[in-house]
Amino acid sequence: MLAKLCKKAFPRSLWVYHCNSGACNGCDIEILNILTPYYDVERFGIKLVGSPRHADVMLLSGAVTRPTLPLVKKAYEAIPAPKLVFGIGSCAVGGGCWFDTYNVTGGAATAVPVNYYVPGCPPRPEAIIYGVALALGLVDKKAAPVELKQVEFPIDAYERNKAWEERNVIYELLKH
Amino acid sequence: MWLTSKIKQILMVLKPGVVTLKYPFEPRPVAKDFRGQPAWDHHKCVGCGGCAAHCPARTILVRDICQELRIMIYDGARCAYCGRCADVCPEDAIVMTEQFELATGDRDDITVTMELFMLTCQRCGRCYNMETTNMIDKMELKGFRYDHLEMRAVIPKATERFDAKVLEATERYERPRT
């Protein structure tokens with residue numbers, strides 16, 4: 001009874017484990033930033049834990065470099081079963097500027113299945129909070145693929161071509 | 001003693017009040033000159049491809065189809081939001097917006113595709129946009145013309161430039177996966 005009540009009263013408390021897989025520390029500082037009282041994420045029940053065995057969520061920052069690849073996989077396997085992975089920053093999302101470098105596997109998705117992507121270099125603390133709130137279902141998703149199309153053919157191309165064709169009219173007139 | 005110190009602490013904390021942001025429930029404006037997701041204006045863009053050439057992460061792909069259509073794909077997955085594309089754009093067709101709420105479950109959600117109508121260069125057969133200060137126009141005025149029979153022999157055609165393998169590889173663009 002009490003357990004059920006607790007489940008209803010305190011839903012979805014995520015304990016996060018922060019994993020740096022060769023990031024430049026920019027994203028790590030922003031992750032630490034959201035744990036400060038100013039951007040207080042303990043409102044959502046989020047708590048930083050030191051071991052992946054205690055965690056529900058892995059915050060993965062950095063393009064997964066070759067030396068860290070087995071370690072990231074190990075840490076991912078150590079998290080108990082219902083688990084989420086957040087890719088924080090451009091490097092974790094798609095590999096950043098190093099997506100095809102020899103020593104980088106090119107993004108977190110190549111090492112572990114990533115559930116949520118938070119792009120940015122580094123992402124604002126608000127952007128990370130937004131990603132977490134998206135996972136908790138507090139906000140709506142705003143990103144959507146955009147397609148831009150020019151629907152009309154530019155009409156001045158015709159006029160310009162015509163002007164080019166009639167460019168020698170003045171010489172034709174001068175002949176007579 | 002213990003209790004008085006606690007009460008003191010509470011009074012100390014009460015003075016500044018609550019400093020925590022209510023961010024996901026209230027909007028939070030960005031700072032000045034913040035660089036968020038870049039946005040194209042397809043009315044202004046001339047399709048020069050300068051943004052693609054300058055992008056350090058090579059997020060912008062330019063592809064010509066049928067010599068009259070140029071497709072530009074911005075793949076936001078590895079964009080570093082450095083703003084160099086906005087710097088080099090000669091027409092200010094690409095600007096850095098203030099959109100930073102880009103968290104998503106699917107990487108294709110942050111992709112922008114743009115189709116542009118282009119003209120075909122009479123000399124090389126490749127796409128270009130009509131401009132008044134175009135170098136090709138200037139060359140045309142100096143006597144480089146398509147109807148010169150001597151020049152006609154050295155004009156390469158666009159179809160000669162691509163081999164079948166390249167065409168097939170770029171037929172369906174996909175993000176590089178390793």
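Colleague: In what order do the 4 strands of the open sheet come?

Modeller: This is a predicted model, where local features need pLDDT of at least 70, side-chain atom pairs count only at pLDDT 80 or more, and totals for chains, interfaces and linings use all residues. Residues are numbered from 1 along each chain as its sequence is written, while chains are lettered from A and ligands numbered from 1 in the order in which they are written. Strands here are DSSP runs (E, at least two residues; helices are H or I, at least four), numbered from the N terminus, and two of them pair if DSSP finds at least two bridges between them. The pairing in this open sheet is mixed, and the order is 6(A)-5(B)-3(B)-2(B).

Colleague: Which strands sit at the edges?

Modeller: Look for strands that pair on one side only. Those are strand 6 (146-149) of chain A and strand 2 (60-65) of chain B.

Colleague: Which residue stands opposite B:Ile65?

Modeller: Strand 2 of chain B pairs with strand 3 (residues 69-75) of chain B in the antiparallel sense, over 6 bridges. Across from B:Ile65, in strand 3 of chain B, you'll find B:Leu69.

Colleague: Over in chain A, is strand 3 (residues 57-61) largely enclosed or not, and why?

Modeller: A residue counts as buried with 20 or more other C-beta atoms within 10 Å of its own (exposed: 12 or fewer; partly exposed: in between; C-beta atoms are placed from the backbone). In strand 3 of chain A, 5 of the 5 residues are buried, so the rest of the structure leaves this strand largely enclosed.

Colleague: What is the bridge partner of A:Ser61 in strand 4 of chain A?

Modeller: Strand 3 of chain A runs parallel to strand 4 (residues 84-88) of chain A, with 5 bridges joining them. For A:Ser61, the partner is A:Ile88.
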